[in-house]
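Trainee: Please choose one part of this chain, look at it closely, and then work outwards from it to the rest of the fold. I would like a single connected account rather than a list.

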Amino acid sequence: MFKHKGFSLIEFMLTIAVLAVICMSAVPTFSRWIAVLQLQQSRQDLMATLMQARSQAILIRREVSVGLFAGQNTATQWYWIIRPTLQLRQPEQINQITFFSNGSVTAAQVSFRSSKIDTAARSASVGHKPRSEGEIYDELRFELCNVEHAMSQGFVVNRMGYIYATQDR
């Protein structure tokens, strides 16, 4: 009788088929893991941009703004753009955060047509309406969301400009 050395083509194809089934079952878990990493990276990137802007405002003793839209960075105006797969939820559609030379912060809506800041700042606190024009926020709560995977991560910028992450959901 002949002694077999190696595998037959059928044994090899069965092994490949089993490996393919195992790999296909891991794809949903892997895609969720990638989505979590992208969400964490985006949150850390935005928080770092805001921290750097605050530091820059204190260093140069001038107001430094961070626009949450596309633009070209300057010494006093920075921009941050969200990844296309994510959404940024923030109070009342704020799209510009301004840090003052003492490190404190305010936020406003910027008109894209005229690039002027609305003078009536809106309160970020839940259920709290602004009492007057130019009111400084107690805290700004932001949340980055991945709707496809139903997950979000948030952070807070308080009145004095301190930025800290909130518990993930």
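Mentor: A contact here means that heavy atoms lie within 4.5 Å. The model is a predicted one, and the part I choose is Leu-39, a residue whose place is in helix α1. Leaving aside residues up to four places away in sequence, Leu-39 touches Leu-86, Leu-144, Cys-145, Asn-146, Met-151, Ser-152 and Gln-153. Leu-39 has a relative accessible area of 1%, and because buried means under 20%, it counts as buried. One of its partners, Leu-144, is 105 residues away along the chain, yet the C-alpha atoms of Leu-39 and Leu-144 are separated by 7.0 Å.

To place these partners, it helps to have the whole chain in view. There are 1 helix and 8 strands, and along the sequence the order is α-β-β-β-β-β-β-β-β. Residues 24 or more positions apart supply 51% of the contacts with a separation of 6 or more, and the long-range partnership of Leu-39 with Leu-144, at 105 residues along the chain, can be read against that figure. Of the 169 residues, 35% are buried, while the chain exposes about 11,300 Å², with 59% of that area supplied by carbon and sulfur atoms.

The strands can be taken sheet by sheet, beginning with the sheet that includes β6 and β7. This is an open sheet of 4 strands in the order β3-β6-β7-β8, with antiparallel pairing. Its edges are β3 (87-89) and β8 (163-165), each of which has a single partner strand, so one side of each is left without a neighbour in the sheet. From one strand to the next, the twist averages 25°. At one end of this order, β3 and β6 are joined in the antiparallel sense over 3 bridges, and within that pairing Gln-87 has Cys-145 in β6 as its bridge partner. Cys-145 is also among the residues touched by Leu-39. The helix itself lies across β3, β6, β7 and β8, running at about 10° to β7.

The other sheet is also open and has 4 strands, in the order β2-β1-β4-β5, but its pairing is mixed. Here β2 (77-79) and β5 (105-108) stand at the edges with a single partner strand each, so each has one side without a neighbour in the sheet. Neighbouring strands of this sheet are turned by 20° against each other on average, direction ignored. Helix α1, which spans residues 9-60, packs on this sheet as well, touching β1 (64-67), β2 and β4, and its direction makes about 160° with that of β1.

Strand β1 shows where the mixed pairing comes from. With β2 it pairs in the parallel sense over 3 bridges, and there Ser-65 has Gln-77 as its bridge partner; with β4, in contrast, β1 runs antiparallel and is joined by 4 bridges, Val-64 standing opposite Phe-99. In a regular strand, side chains alternate between the two faces of the sheet. In β1 both faces are covered, with Val-64 and Val-66 on one side and Ser-65 and Gly-67 on the other, all of them buried. Further along the order, β4 (residues 96-99) and β5 pair in the antiparallel sense over 4 bridges, and Ile-97 stands opposite Ala-107.

The two sheets and the helix come together in the nonpolar interior. The largest nonpolar core has 26 residues, and those with the most contacts inside it are Leu-50, Ile-97, Phe-99, Leu-140, Phe-142, Phe-155 and Val-157. Two or more residues of this core are given by each of α1, β1, β4, β5, β6 (139-146) and β7 (151-158), and α1 provides the largest share, 7 residues. In soluble globular proteins, nonpolar side chains tend to be buried together.

The helix also has residues that are less enclosed than Leu-39. The chain has 3 aromatic pairs, and one of them, Phe-30 with Trp-33, is tilted, at 5.7 Å centre to centre and 35° between the planes. These two residues are 3 apart in helix α1, so about one helical turn separates them. Phe-30, at 48% relative accessibility, counts as partly exposed, and so does Trp-33 at 49%, whereas Leu-39, at 1%, is buried.

Methods: Residues numbered from 1 in each chain as written. Predicted model: local features only at pLDDT ≥ 70, side-chain atom pairs only at ≥ 80, totals over all residues. Heavy atoms only, no water. Buried < 20%, exposed > 50% of the residue type's maximum accessible area, 1.4 Å probe, protein only. Areas by Shrake-Rupley, 256 points an atom, 1.4 Å probe, with all protein chains shown as cover. Pairing = 2+ DSSP bridges. Axes fitted to C-alpha atoms, helices over the stretch in contact; angles between N-to-C directions. Core = buried A, V, L, I, M, F, W, Y, C linked by side-chain atoms within 4.5 Å. Phe/Tyr/Trp six-rings, centres within 6.5 Å; stacked < 30°, edge-to-face > 60°.
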